[in-house]
Amino acid sequence: MFYYVYILQSLKNKSFYIGYTSDLKHRFKQHNNGESLATKPYRPYKLIFYEAFLNRIDAKHREEYLKGGYG
């Protein structure tokens, strides 16, 4: 199983959202269907970047790095 860190960009206001998941296709659909409260107001989104990891801990650390402003 892979874990994915991804970056979405809002087509509405050009803002970015960073997250991680084990099912990228499903999670992307959730964001665009308004099932995530954090991203619902800024739909629709396009996927602009993703990375695959072999374990959840590495993916979580990468997400935190990107969200921390260093990435």
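Helices, as the word is used here, are DSSP runs of H or I with at least four residues, numbered from the N terminus. That matters for α2, a helix in this predicted model that spans residues 56-67. E63 and K67 are both in helix α2, and because they are four residues apart, about one helical turn separates them. Their side chains meet in a salt bridge, with 3.1 Å from N to O. K67 has a relative accessible area of 48%, so it ends up as partly exposed.

E63 has another partner as well. The side chains of E63 and K60 also form a salt bridge, again at 3.1 Å from N to O. Here the two residues sit three residues apart in helix α2, which means that about one helical turn lies between them. K60 is partly exposed, since its relative accessible area is 27%. E63, on the other hand, counts as buried because its relative accessibility is just 5%, and the cut-off for buried is under 20%. Put the two contacts together and K60, E63 and K67 are joined into one network by salt bridges that share partners.

Searching the whole structure turns up three salt bridges. Besides the two around E63, there is one between R62 and E51, whose closest N and O atoms are 2.7 Å apart. This one ties together distant parts of the chain: R62 belongs to helix α2, E51 belongs to strand β3, and 11 residues separate them. R62 has a relative accessibility of 26%, so it counts as partly exposed. E51 gets the label partly exposed too, because its value is 22%. As a general point, side chains of opposite charge can pair when their charged atoms come close.

Now for the strands. β1 covers residues 3-10 and β3 covers residues 45-53, while β2 takes in residues 16-21. β1 pairs with β3 in the antiparallel sense, over eight bridges. One of the residues involved is Y4, whose bridge partner in β3 is A52. β1 also pairs with β2, again in the antiparallel sense, this time over six bridges. On that side, I7 has I18 of β2 as its bridge partner. β1 and β2 make a hairpin with five residues between the strands, and in this hairpin K14 takes a positive phi near 70°. With partners in both β2 and β3, how enclosed is β1 by the rest of the structure? Seven of its eight residues are buried, so β1 is largely enclosed.

The aromatic side chains come next, and the count of aromatic pairs is three. Take Y4 and Y50: their ring centres are 6.2 Å apart and their planes meet at 65°, so this pair is edge-to-face, given that the label applies over 60 degrees. Y4 sits in strand β1 and Y50 in strand β3, so to speak at distant parts of the chain, 46 residues apart. Y50 counts as partly exposed, because its relative accessibility is 47%. Together with F2, Y4 and Y50 form one aromatic cluster.

Y6 and Y17 make another pair, with ring centres 6.4 Å apart and planes at 40°, so this one is tilted. Once more the pair links distant parts of the chain, with Y6 in strand β1, Y17 in strand β2, and their positions 11 residues apart. Both Y6 and Y17 are buried. Y17 has a further contact, and it leads back to the helix: the charged end of K67 sits over the ring of Y17, 5.8 Å from the ring centre. K67 therefore shows up in two settings, over that ring and in the salt bridge with E63.

Finally, there is the surface to look at. F16, I48 and F49 make a nonpolar surface patch of about 280 Å². Of these residues, F16 lies in strand β2. Is F16 buried or exposed? Its relative accessibility is 54%, so F16 counts as exposed.

Notes: Residues are numbered from 1 along each chain as its sequence is written. This is a predicted model: local features need pLDDT of at least 70, side-chain atom pairs count only at pLDDT 80 or more; totals for chains, interfaces and linings use all residues. Side-chain values use heavy atoms; hydrogens and water are left out. Rings of Phe, Tyr and Trp (its six-membered ring) pair if their centres lie within 6.5 Å; planes under 30 degrees apart count as stacked, over 60 as edge-to-face and the rest as tilted. Buried means under 20% relative accessible area, exposed over 50%, partly exposed in between (1.4 Å probe, protein chains only). A charge sits over a ring if NZ of Lys or CZ of Arg is within 6 Å of the ring centre and within 35 degrees of the ring normal. Patches are made of residues with over 30% relative accessible area and no salt bridge: like charges are joined within 9 Å, nonpolar side chains (Val, Leu, Ile, Met, Phe, Trp, Tyr) within 5 Å. Accessible areas come from the Shrake-Rupley method with a 1.4 Å probe; for residues, only the protein chains shown count as cover. A salt bridge is a side-chain nitrogen of Lys or Arg within 4 Å of a carboxyl oxygen of Asp or Glu. Two strands pair if DSSP finds at least two bridges between them.
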